Amino acid sequence: MNSYTVTVATGHQWFAGTDDYIYITLVGTEQCSDKTLLDKPLYDDFERGAVDSYEVKVGQDLGQLVLVKIEKQKYWMQDSWYCRYVTVKTPSGEHVEFPCYRWLVDDKNVVLRDGKARLPQDDENILVKQQRQKELEIRRMTYRWKEWQPGFPMSIDANRHKDLPRDIQFDSEKEVNFVLNYTKAIENLCVNKFMNMFQSSWNDLADFESIFLRIKNTNIEYVMQHWKEDSMFGYQFLNGCNPVLIEKCFKLPDKLPVTHEMVSSSLDRNLTLEQELEVDFVMLFLFIYCYGFTLTRINIKTCLFFWFQAGNIFICDYELLEGVSANCTDLCTQQYLAAPICLLYKNTQNKIVPIAIQLSQTPGKDAPIFLPSDAHYDWLLAKIWVRSSDFQIHQTVTHLLRTHLISEMFAIAMFRQLPAVHPVFKLLLPHVRFTIAINTKAREELICEGGIFDKANGTGGGGHVQLVQKAMKTLTFRSLCFPDMIRMRCMDNNEEMPKYFYRDDGYRVWEATKSFVSDVMCIYYSNDERVQGDGEIQAFVKDVSDFGMQDSDSCGFPKCLNSREELIEYLTVIVFTASAQHAAINFGQYDWCSWIPNAPATMRKPPPNQKGLATLSLIMESLPDRGRSSWHLGAVWALSQYQENELFLGMYPDEHFTEGRVKAAMEKFRKELAGISESIKIRDEKKRMPYYYLRPDKIPNSVAI
């Protein structure tokens, strides 16, 4: 008689324990054990956090242990049980680990492979091959694609959070009740007295301070004090909530007819606007033509002057908002949107400042170009309109589409095409934790018709849907690759654009993440042929392209992967988008958007179509009323909070991998991230406004809020 010692670890989640019967079957290459009842409910084992051991007697030699089957059967009443792992000590003294980290619901069962990751071409035993295929067949029936809105990335086929598979639900649905959380935030911020005061305008800009009775921090207070300044306005394009739009401008678009005479008072290098725009190409060509390649001391000085002193014009274009319907869910309050174009300049103090704003995509007499030299309130109102437009793009495109919806799409394809034993599944699982759940809850309460988004946002009531549909037409896979996204906007030169902390910190986190992904993937893929021969990884990539992105030809998502380097980059995009990119554009929302005039969620008067009309009274009538301000403040506060027991980048407490080489790669990753965190802390000690959104110890592993 052979004796196996089976150790079962129950999860720490609430309600993770069970009073049901738990049976186990050991499956070897030679034989299966009989189904064994591990314990009886009256013994009160399998409580939350418990680790219990049992002896399983087997009459015959099982051979190499390959599978463990766990079954749960009802005792008194049906409940769910969360199993972390099973460890089996064989008669020879070998310990075999079987990671689980899953819920057993109702009378369901789960079949576990040992913890060593394997590619499909490496499985030779017929039992494990069959189990691998069966697992994927069940997953594809469980995780189904659904089009929530036409033109959106595909999402999960579930209308409510409670309809999701138990394994991807939040531990407690109360944690993600948007209505409850926002209402609680409003009460905690002591703004509940304004909550229902829709249509009631504030009297003065200073009145917005009355909603800051509880929570302030250094960044918020600095924004409140300096938000009117042009330098603060410009700084946010680099390091605010939406640092992904600004791009270098080499030629003014025809739709923005700015002349040198308009902006000359804002340029401080004694160069014309045309020289500033064209120097990178024209002036350098003329210099080489005149002087050839003989570099004297004088020639070098002249070249450096033209090369480094010019090329300081940048642009932000909000053309995606053109034609988008403004919120009309409240018949008592008309709301408005604009699609501005903002021209920016890097001055000799290396500060980015606005030099021209047009609030329309169509030039003409009804679309004046506002300038810093205009009347104070004209210029201030124009900047407020840009900030409001930036808020709309940030929330709907940068945040919702390019992190939440894209991460969900990757997650669904992963569950459908990769079994638990696949190394890519093990790698990605921590980075899709709760993502499908938070998105489902958002569709249920936040961005649905009549949801919270409609209460305060100018693109509520359907405009946000139009905006995502338009943005999807220009979304490409390459734009999700962080270095490419920076280069596409010609913002990659540190000397030309210093103090772009989003770029600098993002590069470091991207490289650390890519190095970690490479270290892990190189363990399993020794060459490009191993990637090409992995049918499961090819099916995963194809599912993303053909179904997730609905086979869009313009998106450029790969339909197959031909090399190990392509695989590493693809997985780095997934991990970085879900962790660092989401952190960079999400957790600064309270810092930058809670001061309402700096990020108005809606505007109640149309954008000015001529100069000289703006007054303080018009600005107050344009900004959100008291009720919408309250909902906005509660929203940005709630969205900026970390989850309880948050797991940050590099933290992998669930041991899906058991191989020593992978664990060593994880430890190397953690050390590199710790070094990045420390250097950012040191840098921020000297800053009036610290930039900590891409500090690794503040980057959650996944999109979960």
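Here is a short walk through this predicted model, going from the whole chain to one annotated site and then to a covered helix.

**Stop 1: the whole chain.** Start with everything in cartoon. The protein chain carries 21 helices and 15 strands. Colour by burial next: of the 705 residues, 57% are buried. If you like contact maps, have a look at the far-off-diagonal part, since among contacts with a separation of 6 or more, 75% link residues 24 or more positions apart. Switch on the surface and you are looking at about 28900 Å² of accessible area, with carbon and sulfur atoms supplying 51% of that.

**Stop 2: the annotated site.** Select His-399, His-404, His-582 and Ile-705. An unreviewed UniProt entry annotates these as "binding site". In sequence they are spread over 307 residues, yet they cluster in space, with a largest C-alpha distance of 11.0 Å.

**Stop 3: His-399.** Zoom in on this one, which sits in helix α8, residues 376–417. Is His-399 buried or exposed? Its relative accessibility is 5%, and the cut-off for buried is under 20%, so His-399 counts as buried. Now show what surrounds it. Beyond the neighbours within four places in sequence, His-399 is in contact with His-394, His-404, His-582, Ile-585, Asn-586 and Gln-589.

**Stop 4: His-582.** Hop over to helix α17, residues 564–586, where you'll find His-582. With a relative accessible area of 1%, His-582 is buried too. Which residue's side chain makes a polar contact with the side chain of His-582? Draw a distance to the His-404 side chain and you should get 3.3 Å. Again skipping neighbours within four places, the contacts of His-582 include His-399, Thr-403, Val-703 and Ile-705. Two other annotated positions, His-399 and Ile-705, are thus on the contact list of His-582.

**Stop 5: the α8/α17 pair.** Hide the rest and keep these two helices. Their axes are 10 Å apart and the packing angle is about 145°. The crossing is left-handed. For sticks on the α8 side, try His-394, Thr-398, His-399, Arg-402, Thr-403, His-404, Ser-407 and Phe-410. Those meet Tyr-570, Ile-574, Thr-577, Ala-578, Gln-581, His-582, Ile-585 and Asn-586 in α17. As you step along the sticks, remember that an α-helix has 3.6 residues a turn, so residues three or four places apart point the same way.

**Stop 6: helix α10.** Finish by selecting residues 435–446. This helix is mostly covered, with 11 of its 12 residues buried. Charged-looking names turn up in your selection as well: Lys-441, Arg-443 and Glu-445 are among the buried residues of α10.

Definitions and conventions. Residues are numbered from 1 along each chain as its sequence is written. This is a predicted model: local features need pLDDT of at least 70, side-chain atom pairs count only at pLDDT 80 or more; totals for chains, interfaces and linings use all residues. Side-chain values use heavy atoms; hydrogens and water are left out. UniProt positions are given in the numbering used here, feature names are shortened, and annotations may be inferred rather than shown by experiment. Helices (H or I, at least four residues) and strands (E, at least two) are DSSP runs, numbered from the N terminus. Buried means under 20% relative accessible area, exposed over 50%, partly exposed in between (1.4 Å probe, protein chains only). Contact means heavy atoms within 4.5 Å. A polar contact is a pair of N or O atoms within 3.5 Å; within protein, one must be able to donate a hydrogen and the other to accept it, and residues adjacent in sequence count only if both atoms are side-chain atoms. Accessible areas come from the Shrake-Rupley method with a 1.4 Å probe; for residues, only the protein chains shown count as cover. Axes are lines fitted to C-alpha atoms, for helices over the stretch in contact, and angles run from 0 to 180 degrees between N-to-C directions. A crossing is left-handed if the near helix is turned anticlockwise from the far one by less than a right angle, and right-handed if clockwise.
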